[in-house]
Amino acid sequence: MAERKTPQAERYSAHSICLTEGIRYKMLSYQDEKGVIFQLNAQKNYVALYVGDASKVDPSGKLLEGIDHGKGCLRFKKSTNLAGTPIEKFIEKAVDMWRKSEDIDC
């Protein structure tokens, strides 16, 4: 039987975002051969996506408009409408920077 991909997986494959899922520090992590790029964890009132230093990826803040965020984490509550945010562009830019060995760490 052929493997069925979600629309998101299809989109990320098209952008060559091929990351491996794993568990690190009891969090879901996404990594490549260089190491961990993102970590995802459920907190009490939100889900956090840890990205290193978000301001290095998006200095102007335009890609994070409408997203509650701190220095290195993006917080998503149930009420967050991801369809209305440019989060995909932020993730694509972070992966591109990572692959070019640009500094996105805190």
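How many bridges join strand β1 to β2, and in which sense do these strands run? In this predicted model, five bridges join β1 (residues 20–24) to β2, and the two strands run antiparallel. One place to see the pairing is Glu21, which stands opposite Tyr30 in β2. The two strands form a hairpin, with two residues between them. In the turn sits Tyr25, whose phi is positive, at about 55°.

It helps to step back and view the whole chain. Its secondary structure comes to three helices and six strands, and reading along the sequence gives the pattern α-β-β-β-β-α-β-β-α. Of the 106 residues, 32% count as buried. Among contacts with a separation of 6 or more, 43% are between residues 24 or more positions apart.

A second hairpin lies further along the chain, where four residues join β3 to β4. Strand β3 covers residues 35–42 and strand β4 covers residues 47–50, and they pair in the antiparallel sense over four bridges. Within this pair, Gln39 is found opposite Tyr50 of β4. Strand β4 also has a partner in β6 (residues 73–76), again antiparallel and with four bridges. Here Ala48 faces Arg75, a residue of β6.

The nonpolar residues come next. The largest nonpolar core has 20 residues, and those touching the most other members are Phe38, Leu49, Val51, Leu74, Ile87 and Phe90. Two or more residues of this core come from each of β3, α2 (54–57), β6 and α3 (87–99). Helix α3 gives the most, with seven residues. Leu49 offers a good view of the surroundings: leaving out residues up to four places away in sequence, Leu49 touches Phe38, Gln39, Leu40, Gly72, Cys73, Leu74, Phe76 and Ile91.

Charged side chains add another layer to the picture. Side chains of opposite charge can pair when their charged atoms come close. The count of salt bridges comes to two. In one of them, the side chains of Asp103 and Lys56 meet at 2.6 Å, N to O. This pair links distant parts of the chain, with Asp103 in the segment after α3 and Lys56 in helix α2, 47 residues apart. Asp103 is partly exposed, with a relative accessible area of 48%, and Lys56 is partly exposed as well, at 29%. In the other salt bridge, Asp68 meets Arg75 through their side chains at 3.2 Å, N to O. Asp68 has 36% relative accessibility and so counts as partly exposed. Arg75 has already appeared above, as the β6 residue opposite Ala48.

What is the nearest side chain of opposite charge to Asp32, and how many Å away is it? Asp32 lies in strand β2 (residues 27–32). The residue is buried yet has no salt bridge, and Arg99 is the nearest side chain of opposite charge, at 4.1 Å. A salt bridge needs a side-chain nitrogen of Lys or Arg within 4 Å of a carboxyl oxygen of Asp or Glu, so the distance to Arg99 does not qualify. The side chain of Asp32 does have a polar contact of 3.0 Å with the side chain of Trp98. Apart from neighbours within four places in sequence, Asp32 is in contact with Leu19, Ile37, Trp98 and Arg99.

Conventions. Residues are numbered from 1 along each chain as its sequence is written. This is a predicted model: local features need pLDDT of at least 70, side-chain atom pairs count only at pLDDT 80 or more; totals for chains, interfaces and linings use all residues. Side-chain values use heavy atoms; hydrogens and water are left out. Two strands pair if DSSP finds at least two bridges between them. Buried means under 20% relative accessible area, exposed over 50%, partly exposed in between (1.4 Å probe, protein chains only). Lys and Arg count as positive and Asp and Glu as negative; His and the chain ends are not counted. A polar contact is a pair of N or O atoms within 3.5 Å; within protein, one must be able to donate a hydrogen and the other to accept it, and residues adjacent in sequence count only if both atoms are side-chain atoms. Contact means heavy atoms within 4.5 Å. A nonpolar core is a set of buried Ala, Val, Leu, Ile, Met, Phe, Trp, Tyr and Cys residues joined through side-chain atoms within 4.5 Å.
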